[in-house]
Amino acid sequence: QVLQGLAAAHEAGMVHRDLKPENVMLVKTAWEPDHVKVLDFGLAKIVGGSEAMKLSRTNTAYGTVHYMAPEQVVGAKVDARADLCPIGVMLYHIYTGYRPFDAESAPIVMFQHVHRDVPELPDSVPVGIRSFIYKALRKRPSERFGSAMEMLEALDLAMAQPDQEIPGGERPKGIPNPQGPGPG
């Protein structure tokens with residue numbers, strides 16, 4: 001349901017940019033006892049609009065550091081694929097009990113998102129789910145899922161065939177830092 005909500009937002013030309021567990025709410029409705037809502041579009045950006053439609057400055061990193069996509073971290077242009085990376089972070093956390101990147105300070109977490117390899121998931125995580133999470137956490141947007149609906153289809157496939165790796169689901173490696181190893 002989170003991916004369906006994101007798909008609707010993306011179709012309307014909106015990128016959330018702050019997807020995290022606190023912005024995903026489970027509510028009861030008359031027609032659905034467990035309905036998921038994606039909340040807090042306060043950092044959302046209208047894509048494809050005029051300058052007047054932009055809700056925040058470009059070349060600025062917005063979001064919650066543990067759930068940011070690498071392109072967000074560096075203040076680069078973001079599109080709907082930036083909202084798919086946090087899905088990978090949340091699933092990684094669900095399956096391991098911890099986030100893939102964590103540190104004492106926000107700048108170190110941000111550095112890790114861009115330059116560090118994603119820590120390996122345990123063998124107890126089914127291959128299909130593991131490869132799904134790894135693809136969601138790819139450093140380059142072009143290597144992630146192309147849309148929330150494509151991601152939803154891949155998740156359905158990973159759950160239906162848990163022993164099959166999805167294409168592009170290798171563990172992502174960090175982008176080398178030309179300045180050296182850096183913090184963390």
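This is a short talk on the core, the empty spaces and three loop residues of one protein chain.

Please keep in mind that the model is predicted.

I will start with the core. The largest nonpolar core has 40 residues, and those touching the most other members are Leu-3, Ile-87, Phe-132, Ile-133, Phe-145 and Met-151. Five helices each supply at least two residues of this core: helix 1 (2-11), helix 3 (85-96), helix 4 (106-115), helix 5 (127-136) and helix 6 (148-160).

Take Phe-145 from that list. Setting aside neighbours within four places in sequence, Phe-145 is in contact with Arg-81, Leu-84, Phe-132, Lys-135, Ala-136, Glu-150, Met-151, Ala-154 and Ile-166. Two of the names there, Phe-132 and Met-151, you have just heard among the core residues with the most contacts to other members.

Next, helix 5. Why is helix 5 described as largely enclosed by the rest of the structure? Because nine of its ten residues are buried. The buried ones are Gly-128, Ile-129, Arg-130, Ser-131, Phe-132, Ile-133, Tyr-134, Lys-135 and Ala-136. Note that this list includes Arg-130 and Lys-135. As for what surrounds them, the buried residues of helix 5 pack against helix 3 and helix 6.

Just before helix 5 comes a loop worth a stop. Leu-121 sits in the loop between helix 4 and helix 5. Its relative accessible area is 2%, so Leu-121 is buried. Beyond its neighbours within four places in sequence, Leu-121 is in contact with Tyr-92, Thr-96, Arg-130, Ile-133 and Tyr-134. There is also a link between distant parts of the chain: Leu-121 and Arg-171 are 50 residues apart in sequence, yet their C-alpha atoms are separated by 8.8 Å.

Now the empty spaces. Rolling a probe the size of a water molecule over the atoms shows where empty space is left. The largest pocket has a volume of about 240 Å³. Ten residues line it, and the closest to its centre are Val-2, Leu-3, Ile-87, Leu-91 and Leu-155. Helix 1, helix 3 and helix 6 each give two or more residues to this lining. Which helix gives the most to the lining of the largest pocket? That is helix 3, with four residues. By type, the lining has nine nonpolar residues, one polar and no charged.

There are also two cavities of 30 Å³ or more. The second largest has a volume of about 40 Å³. Its lining is made of Met-68, Pro-70, Cys-85, Phe-101, His-113, Leu-137 and Lys-139. Those residues divide into five nonpolar, one polar and one charged.

Two of the lining residues, Phe-101 and His-113, lead to the next residue, His-66. Both are in contact with His-66, as are Val-89, Arg-99, Asp-102 and Val-109, leaving aside neighbours within four places in sequence. His-66 lies in the loop between strand 4 (45-46) and helix 2 (70-73). Is His-66 buried or exposed? At a relative accessible area of 15%, His-66 is buried, because the cut-off for buried is under 20%. The side chain of His-66 also makes a polar contact of 2.7 Å with that of Asp-102.

The last residue is Asp-83, in the loop between helix 2 and helix 3. Asp-83 has 0% relative accessibility, so it counts as buried. Not counting residues up to four places away in sequence, Asp-83 touches Leu-6, His-10, Val-15, His-16, Arg-17 and Leu-19. Of those, Leu-6 and His-10 fall within helix 1 (2-11).

That is the end of the talk.

Notes: Residues are numbered from 1 along each chain as its sequence is written. This is a predicted model: local features need pLDDT of at least 70, side-chain atom pairs count only at pLDDT 80 or more; totals for chains, interfaces and linings use all residues. Side-chain values use heavy atoms; hydrogens and water are left out. Buried means under 20% relative accessible area, exposed over 50%, partly exposed in between (1.4 Å probe, protein chains only). A polar contact is a pair of N or O atoms within 3.5 Å; within protein, one must be able to donate a hydrogen and the other to accept it, and residues adjacent in sequence count only if both atoms are side-chain atoms. Contact means heavy atoms within 4.5 Å. On a 1 Å grid over the protein atoms alone, a cavity is a set of points where a 1.4 Å probe fits but cannot get out, and a pocket is an open set with protein on both sides within 12 Å along at least five of seven lines; lining residues have an atom within 4 Å of a point. Grid points are joined across faces, edges and corners, and a volume is the space filled by probe spheres set on the points. Ala, Val, Leu, Ile, Met, Phe, Trp, Tyr, Cys and Pro count as nonpolar, Asp, Glu, Lys and Arg as charged, and the others, Gly among them, as polar. A nonpolar core is a set of buried Ala, Val, Leu, Ile, Met, Phe, Trp, Tyr and Cys residues joined through side-chain atoms within 4.5 Å.
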